[in-house]
Amino acid sequence: MSHPFPDMAEGEGESDPAPGDESGSHTGEARRTSQEHREVVLPGPARELGALLGVEVPDLEAGEGLPLLWHWLYLLDRPALADLAPDGHRARGAVPAHPGPGYRRMWAGGRVRLRGALRCGEEAVRRTEVRSVQEKRGRSGPLRFVVVGHRIEQRGEVVVDEEQDIVYRPAPAERTQPATAAEPGAAAAAAEAAEPGAAGEPGVSVPAGPDEWDIEVSPVLLFLFSALTRNAHRIHYDHDYCRDVEGYPGLLTHGPLQAIAMAEKARAGGPAGRASFDYRLTAPLFDDQGMVVSAVPGEEAETVTAVRDRYGRRTATGTLRAPRR
């Protein structure tokens, strides 16, 4: 299998994946490796996302397809409250299954291929499977890399083909004080220097440029995005939990929210149509650090995207490619 992080050497990796969207829950249940969800795609969630981010919503009634990554609002897992662990994640029946106690789950990146139009008013099916698992050792212990595949079909055709890179790493030792964003070795500081030249002077604000999209990150934004994507992980809306249990200095901005922001910034520069998008979460982004998004032309039919905080520290990157003609 191709390694989800090709620049990660054997025995390394703690600074590469950033805390993204998930932390683990676990039970002793038998592990499931695939699942299926079906539903009629309705326009409501798309309109809510458009209002939340202030972006254009396609003419869904006229049959226009959903923009790139907006499928994350649909075909969602909806576990019962009794099936959730204290951190808000599913404790039973999850795909992939959690490796066991003492691990945290991080959404580190992925690849999405938009092969056709995902349209409202029609039924769609999402089939999920574990495509590969790799065991490594990092500086603090074992790491598990899991590639999860999703294929969304509508009208008998695959319209979205996706892979998500999930990393499980040991939770840090119990803390008596919350971590700070700049503390070496803290879980909240993963990948702080993963992008050379991306970090600005600590505490010195770097204003958004004329071609950048400056998004104000607030607890309300994070809560509403969590609700829209059916994400109950408490690191995104429960500040006391973040500080007292997971040791973070603030609420974490969702990895998928950063990825959608990058894709939307690229869409604002012109219709993407059928496209592919590869993205990577390189550092944690907290609610008091803002979110500044850029998208610039790359080689041939590429658009290179990035997210940084208000101090210039890069937290996510992505590349959108239009189909070859």
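Partly exposed means a relative accessible area between the limits for buried, under 20%, and exposed, over 50%. The views below show a predicted model.

**Figure 1. Overview of the protein.** The secondary structure consists of 4 helices and 10 strands. Read from the N terminus, these elements follow the order β-α-β-β-β-β-β-α-α-α-β-β-β-β. The protein has 325 residues, and 51% of them are buried. Of the contacts with a separation of 6 or more, 74% are between residues 24 or more positions apart. About 14,900 Å² of the protein is exposed, and carbon and sulfur atoms supply 49% of that area.

**Figure 2. R155 in the loop between β4 and β5.** The loop that holds R155 follows β4 (141-154) and leads to β5. R155 has a phi near 55°, which is a positive value in a residue other than glycine. Its relative accessible area is 40%, so R155 is partly exposed.

**Figure 3. L75 in the loop between α1 and β2.** L75 is placed in the loop between α1 (44-53) and β2 (103-114). Phi of L75 is near 55°, again a positive value in a residue other than glycine. L75 counts as buried because its relative accessibility is 1%.

**Figure 4. R131 and its salt bridges to D161 and E163.** Side chains of opposite charge can pair when their charged atoms come close. R131 and D161 form a salt bridge through their side chains, with an N to O distance of 3.5 Å. R131 belongs to strand β3 (residues 123-138) and D161 to strand β5 (residues 157-170), so this pair links distant parts of the chain, 30 residues apart. The side chain of R131 also meets that of E163 in a salt bridge, at 3.2 Å from N to O. Because R131 lies in strand β3 and E163 in strand β5, this pair ties together parts that are 32 residues apart in sequence. How far are the three residues covered, in terms of buried or partly exposed? D161 is buried, because its relative accessible area is 11%. R131 counts as partly exposed at 30% relative accessibility, and E163 is partly exposed at 24%.

**Figure 5. The salt-bridge network around R131.** The structure holds 23 salt bridges. Which residues are linked with R131 in a network of salt bridges? They are R111, R115, E129, R151, D161, E163 and D165.

**Figure 6. The salt bridge between R144 and E135.** In this pair, the closest N and O atoms are 2.6 Å apart. E135 has a relative accessible area of 48%, so E135 is partly exposed.

**Figure 7. Packing of helices α2 and α4.** Helix α4 (residues 255-268) packs with α2 at an angle of about 95°, and the two axes are 10 Å apart. The two helices, α2 and α4, are therefore roughly perpendicular to each other; angles of 65 to 115 degrees count as such. On the α2 side the contact is made by L221, L222 and F225, and on the α4 side by P256, L257 and I260.

**Figure 8. A nonpolar patch on the surface.** Which residues form this patch? They are V220, F223, L224 and Y237, and together they have about 380 Å² of accessible area. F223 is part of helix α2 (residues 219-228). With 47% relative accessibility, F223 counts as partly exposed.

Note on methods:
Residues are numbered from 1 along each chain as its sequence is written. This is a predicted model: local features need pLDDT of at least 70, side-chain atom pairs count only at pLDDT 80 or more; totals for chains, interfaces and linings use all residues. Side-chain values use heavy atoms; hydrogens and water are left out. Patches are made of residues with over 30% relative accessible area and no salt bridge: like charges are joined within 9 Å, nonpolar side chains (Val, Leu, Ile, Met, Phe, Trp, Tyr) within 5 Å. Accessible areas come from the Shrake-Rupley method with a 1.4 Å probe; for residues, only the protein chains shown count as cover. A salt bridge is a side-chain nitrogen of Lys or Arg within 4 Å of a carboxyl oxygen of Asp or Glu. Buried means under 20% relative accessible area, exposed over 50%, partly exposed in between (1.4 Å probe, protein chains only). Axes are lines fitted to C-alpha atoms, for helices over the stretch in contact, and angles run from 0 to 180 degrees between N-to-C directions. Angles under 35 degrees count as roughly parallel, over 145 as roughly antiparallel, 65 to 115 as roughly perpendicular and the rest as oblique. Contact means heavy atoms within 4.5 Å.
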